[in-house]
Amino acid sequence: MQKRRGRSVGPLSVILIASSIPVAAQAGEGFYAGLTGGGNFVEDQKYRLDDSSVFGKSSFKDGWAAGLVLGYAVGGLRPELEVLHRQNDFDGFYLESTGALNPARDATDVDGKQSAQTAMANLWLDMFPKSR
């Protein structure tokens, strides 16, 4: 049994992205800090042995991401460090049949989560910085 689920960007993600644009445009010279967040979308994880066909997969619900941004703006350049936490809840697990003694199994009443901490360095160039 194959279950197909489409991915969409939620309204909260769009609002968070749109609300961060004016903040970056109004940033002056010096240190700055900000919060970031949005949706986190994980593809199904497939299990294989030695490049053979898929014998199982696990799927995850759409999750969230939240983090902190620290940077310094000088002369149109903005180097920054972004640290995030991402989390998705476990949705289900499916194993293909491997023979008469091992029938296919589909488990949706399982519990768990997948989380990750990430860090990224950015260097932004403000094309038209405000002159004072």
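**Group meeting talk: around strand 5**

Okay, let's start with one pair: Val 69 stands opposite Glu 82 in strand 5. By strand I mean a DSSP run of E, at least two residues long, and a helix is a run of H or I, at least four long, all numbered from the N terminus.

Before going on, this is a predicted model: local features need pLDDT of at least 70, side-chain atom pairs count only at pLDDT 80 or more, and totals for chains, interfaces and linings use all residues. Residues are numbered from 1 along each chain as its sequence is written, and side-chain values use heavy atoms, with hydrogens and water left out.

So how confident is the predictor? pLDDT is its confidence in each residue, from 0 to 100. The chain has a mean of 78, with 70% of residues reaching 70 or more. Confidence is highest in strand 4, at 94, and lowest in helix 1 (residues 11-26), at a mean of 54. Where pLDDT is low, don't read the predicted coordinates in detail.

Now, strand 5, residues 77-95. Two strands pair if DSSP finds at least two bridges between them. Strand 4 (residues 63-73) is an antiparallel partner of strand 5 over eight bridges. These two make a hairpin with three residues in between, and Gly 75 in the turn has a positive phi of about 55°. Which other strands pair with strand 5? Strand 7 (residues 113-125) does, antiparallel over 13 bridges, and there Pro 79 faces Leu 123. Strand 3 (residues 56-60) joins antiparallel by five bridges, with Ser 58 partnered by Phe 93. Strand 6 (residues 105-107) is antiparallel too, with three bridges, and Tyr 94 sits opposite Asp 106.

Staying in strand 5, is Arg 78 buried or exposed? It's buried, because its relative accessible area is 8%; buried means under 20%, exposed is over 50%, and partly exposed is in between, using a 1.4 Å probe and protein chains only. Its side chain has a polar contact of 3.1 Å with the side chain of Asp 126. A polar contact is a pair of N or O atoms within 3.5 Å; within protein, one must be able to donate a hydrogen and the other to accept it, and sequence neighbours count only if both atoms are side-chain atoms.

Asp 44 lies in the loop between strand 1 (30-40) and strand 2 (45-47). Asp 44 is partly exposed, because its relative accessibility is 28%. Beyond four places in sequence, Asp 44 contacts Lys 57, Ser 58, Ser 59 and Phe 60, contact being heavy atoms within 4.5 Å. With Lys 57 there's also a side-chain polar contact of 3.3 Å.

Last topic: aromatic rings. The whole structure has three aromatic pairs. Tyr 47 and Phe 93 form a tilted one, 5.8 Å centre to centre with 50° between the planes. Tyr 47 is in strand 2 and Phe 93 in strand 5, 46 residues apart. For Phe 60 and Phe 90, the centres are 5.4 Å apart and the planes at 75°, so that pair is edge-to-face. Here strand 3 holds Phe 60 and strand 5 holds Phe 90, 30 residues apart, and both are buried. The cut-offs: rings of Phe, Tyr and Trp (its six-membered ring) pair if centres lie within 6.5 Å; planes under 30 degrees apart are stacked, over 60 edge-to-face, and the rest tilted.

That's it from me, thanks!

Definitions and conventions
pLDDT is the predictor's confidence in each residue, from 0 to 100.
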